[in-house]
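Here is a protein with a ligand for you to explore. Take a minute to turn the model around before reading on.

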Amino acid sequence: MQWSKEEEAAARKRVEENSAVRVLLEEQVKYENEASQYWDTFYKVHKNKFFKDRNWLLREFPEIIPVDQKTEEKTQESSWDNVKTGAANCFSRMHCPIMPEEKNLGMKRCGSSDGPSRARSHFSNLDSEEHSEGPLKTELFPGSSATFRILEVGCGAGNSVFPILNTLQNAPESFLYCCDFASRAVELVKLHSSYRAAQCCAFVHDVCDEDSPYPFPDGILDVILLVFVLSSIHPDRMQGVINRLSKLLKPGGMLLFRDYGRYDKTQLRFKRGHCLSENFYVRGDGTRAYFFTKGEVHTMFCKAGLDEKQNLVDRRLQVNRKKQVKMHRVWVQGKFQKPLHLTQKPSKLVSPLLSHG
Ligand SMILES: C[S@@+](CC[C@H](N)C(=O)[O-])C[C@H]1O[C@@H](n2cnc3c(N)ncnc32)[C@H](O)[C@@H]1O
């Protein structure tokens with residue numbers, strides 16, 4: 001649905017009012033430094049009862065489902081499947097030890113059932129590089145034997161994890177990583193009756209911490225899911241987060257994004273005294289929320305070197321019949337792809353006018 005000029009003007013006015021008073025700087029520093037603790041307390045209080053399962057996820061993001069065609073493509077890209085690791089490519093197994101089931105998957109993959117052509121092309125690839133850099137190892141890591149890998153960032157109590165895992169049951173070659181910086185949230189995911197360590201690895205990780213390693217190497221993910229997470233991160237840190245996440249994607253991999261849009265009812269409902277900076281607010285429980293425009297989303301993801309495949313504003317009217325109130329929901333949804341081939345850095349652009357003297 002479209003907003004009328006009047007509706008938009010009223011929303012802008014409401015935001016001007018609720019942003020007029022800003023939270024004191026020392027309090028802002030506390031919300032930033034203790035962000036994971038505020039979210040941890042949130043999960044202590046609400047457990048997995050707060051958010052509903054994201055059942056719309058697979059409808060909006062069918063890219064999450066590995067299709068046969070993609071699996072075929074992967075046979076050609078076998079150098080990405082068994083990832084070689086060097087000193088610069090640091091990843092740790094500490095967060096996510098390899099489970100017995102995972103070990104079995106790894107064994108199966110190394111065996112003949114995986115297809116000789118695949119193994120050959122992988123090793124021929126490595127051979128050519130061995131000459132210059134010495135022997136390369138093929139490392140096992142959680143999900144190393146999978147051919148399709150997804151990471152959900154800020155997974156919370158698993159409201160996306162479990163609908164995805166349900167679907168992946170029919171795709172045993174796929175693997176789901178999920179992380180959150182609230183350790184209680186990760187605990188809730190791991191304790192869920194549908195959690196399967198053979199196909200899922202939940203780990204505690206702060207995406208703002210550039211020194212914290214992932215339990216897998218760079219460049220191996222087919223899909224990254226960023227659903228209602230970026231909004232809770234300080235705007236100054238968002239670009240760094242997206243830059244680092246894009247490194248985890250394979251060429252051709254997709255980053256799928258959905259989050260709060262500018263003038264969503266949640267933004268309009270904030271009272272004075274909750275505004276941290278423009279369009280960024282703190283809730284009563286210390287958790288924070290930013291409200292995006294489509295343009296901001298475009299700029300951030302493209303700056304990270306990703307190509308825009310979708311970027312839309314989803315506006316809906318919600319009517320609460322009991323209270324007789326109409327509310328506008330606004331979300332921004334985007335799909336961004338890592339280019340298949342690295343394009344050359346644009347050299348200095350010379351205006352055709354100037355080049356003609
Ligand atoms: C609004 S919840 C959304 C949870 C889940 N994605 C969903 O859609 O149900 C935001 C989640 O992001 C997590 N989060 C916020 N900042 C994070 C960070 N820097 N690193 C990892 N997780 C973070 C929070 O702990 C919380 O679980």
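This report goes from the whole chain to the ligand, and then to a few residues one by one.

**The whole chain**

First things first: what you're looking at is a predicted model. The protein chain has 357 residues, and 46% of them count as buried. If you trace the chain, you'll come across 13 helices and 12 strands. Now think about contacts between residues at least 6 apart in sequence: 79% of these join residues at least 24 apart. As for the outside, the protein chain exposes about 19,400 Å², with carbon and sulfur atoms supplying 53% of that area.

**Around the ligand**

How many residues surround the ligand? There are 21, and the closest are Tyr43, Arg54, Gly154, Asp180 and Asp206. Sort the shell by type and you get 12 nonpolar, 5 polar and 4 charged residues. Some of the ligand's nitrogen atoms pair up with polar atoms of the protein, as this table shows.

| Ligand atom | Protein partner | Distance |
|---|---|---|
| nitrogen | polar backbone atom of glycine 154 | 2.7 Å |
| nitrogen | N or O atom in the side chain of aspartate 206 | 2.8 Å |
| nitrogen | polar backbone atom of phenylalanine 181 | 3.3 Å |

And how much of the ligand is covered? On its own, the ligand has 600 Å² of accessible area, and the protein covers 99% of it.

**Two residues in strand E12**

Strand E12 takes in residues 325-337, and arginine 329 is one of them. Is arginine 329 buried or exposed? Its relative accessible area is 12%, and the cut-off for buried is under 20%, so arginine 329 counts as buried. Its side chain makes a polar contact with the side chain of aspartate 264, at 2.8 Å. Setting aside residues up to four places away in sequence, arginine 329 touches a list of residues that includes Tyr260, Lys265, Thr266 and Gln318. Asp314, Arg315 and Arg316 are among them too.

Glycine 334 also has its place in strand E12. With a relative accessibility of 0%, glycine 334 is buried. Beyond its sequence neighbours up to four places away, glycine 334 touches Phe61, Leu255, Leu256, Phe257, Gln310 and Asn311. Try finding histidine 298 as well: it sits 36 residues from glycine 334 along the chain, and their C-alpha atoms are separated by 8.3 Å.

**A valine in strand E6**

Next, look for valine 223 in strand E6, which covers residues 221-227. Valine 223 is buried, at 1% relative accessibility. Which residues is it in contact with, leaving aside neighbours within four places in sequence? Among them are Glu63, Ile64, Phe148, Ile150, Leu249 and Met254. Methionine 254 is 31 residues away from valine 223 in sequence, but in space the two are 4.8 Å apart, C-alpha to C-alpha.

**What about the cysteines?**

A disulfide is a covalent bond between the sulfur atoms of two cysteines. How many disulfides does the count come to here? The count is 0. Take cysteine 200: why is its sulfur not bonded to the closest cysteine sulfur? That closest sulfur belongs to cysteine 178 and is 4.0 Å away, while a disulfide needs the pair to be within 2.5 Å, so the two are too far apart for a bond. Cysteine 200 is buried, with a relative accessible area of 2%. Cysteine 275 is buried as well, at 0% relative accessibility.

Conventions. Residues numbered from 1 in each chain as written. Predicted model: local features only at pLDDT ≥ 70, side-chain atom pairs only at ≥ 80, totals over all residues. Heavy atoms only, no water. Near = heavy atom within 4 Å. Polar contact = N/O pair within 3.5 Å; in protein donor to acceptor, adjacent residues only side chain to side chain. Areas by Shrake-Rupley, 256 points an atom, 1.4 Å probe, with all protein chains shown as cover. Nonpolar A, V, L, I, M, F, W, Y, C, P; charged D, E, K, R; others polar. Helix = DSSP H or I, 4+ residues; strand = E, 2+ residues; numbered from the N terminus. Buried < 20%, exposed > 50% of the residue type's maximum accessible area, 1.4 Å probe, protein only. Contact = heavy atoms within 4.5 Å.
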